[in-house]
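Me: Can you walk me through the reasoning behind some of the labels for this one?
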Amino acid sequence: MKDIILLLVLQLVYVPMLALRTISMVKKLTLLTAVFGFLESIIYVFGLAIVLTGEQSLVQMLVYALGFSLGLIVGIHIENKIAIGYTSILVNIKEMNHKLISTVRESGFGVTVFQGEGKDSPRYRLDILTKRSRENELLQLIEEYEPNAFILSYEPTRFKGGFMEIMMKKQNRKRLDRNDAEVLHESDEEASWLQKEKEKIVQEVRELRNSDQSILP
């Protein structure tokens, strides 16, 4: 019974690692792929050892398969929570909605507007690139202002230039400025500490000099 529970737990850990490793590999995240692959192989060896060294009963095989299927569900849920990568949203609307466009831009999303010719009337398409972690926030904004809009989303594997790259550069610049400010603050604190220590030493020297002069006839 203990082996069966351990086998189920190992599968619930192993399969999410497998799913995350596959997703990281598709997204070309080399370091994460290597880390998840390392953990996956260790857990796989432990689980395989339990199956091969045990009685190999039907119950163990069923638990192994059950743990695999549940692990896939857990892995997908974890990946959705982490939300790695970006999503490109295409919004097709009947009329130009300036309120929607301005609200989306004020919320920090980049929007490009195109006009096309539909079957019965002109159509407008909004191209929006966002982080996957903010995808639901963007969809809620669109639903609020254009509940009947046609929405298509896909994950870009690579992008260059544009609003998103500018925002990423600004974020990196802010992060570097923040780190520089912290280093300067630490150096200022260190300099003030050294100044205080210097003043203490000077004061002690003065006191010693005064005491020597008072002792001398």
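Me: At what angle do the axes of helix 4 and helix 5 cross?

Reply: Roughly 160°, with the axes of helix 4 (residues 98–106) and helix 5 (residues 135–145) coming within 10 Å. This is a predicted model, where local features need pLDDT of at least 70, side-chain atom pairs count only at pLDDT 80 or more, and totals for chains, interfaces and linings use all residues. Residues are numbered from 1 along each chain as its sequence is written, and side-chain values use heavy atoms, leaving out hydrogens and water.

Me: Why are helix 4 and helix 5 called roughly antiparallel?

Reply: Angles over 145 degrees count as roughly antiparallel. Their axes cross at roughly 160°, so helix 4 and helix 5 get that label.

Me: Which residues make the contact?

Reply: With contact meaning heavy atoms within 4.5 Å, helix 4 brings K99, L100, T103 and V104, and helix 5 brings L138, L141, I142 and Y145. They divide into six nonpolar, one polar and one charged.

Me: What makes the space lined by L10, Q11, Y14, I43, Y44, G47, L48 and Y64 a cavity?

Reply: A cavity is a set of points on a 1 Å grid over the protein atoms alone where a 1.4 Å probe fits but cannot get out, and lining residues have an atom within 4 Å of a point. The search finds one of 30 Å³ or more, with a volume of about 40 Å³.

Me: Which element gives the largest share of that lining?

Reply: Helix 2, with four residues. The lining as a whole has six nonpolar residues, two polar and no charged.

Note on methods: 1 Å grid on protein atoms, 1.4 Å probe; cavity = no way out; pocket = protein on both sides within 12 Å on 5 of 7 lines; lining within 4 Å. Points joined across faces, edges and corners; volume = space filled by probe spheres on them. Helix = DSSP H or I, 4+ residues; strand = E, 2+ residues; numbered from the N terminus. Nonpolar A, V, L, I, M, F, W, Y, C, P; charged D, E, K, R; others polar. Axes fitted to C-alpha atoms, helices over the stretch in contact; angles between N-to-C directions. Parallel < 35°, antiparallel > 145°, perpendicular 65-115°, else oblique.
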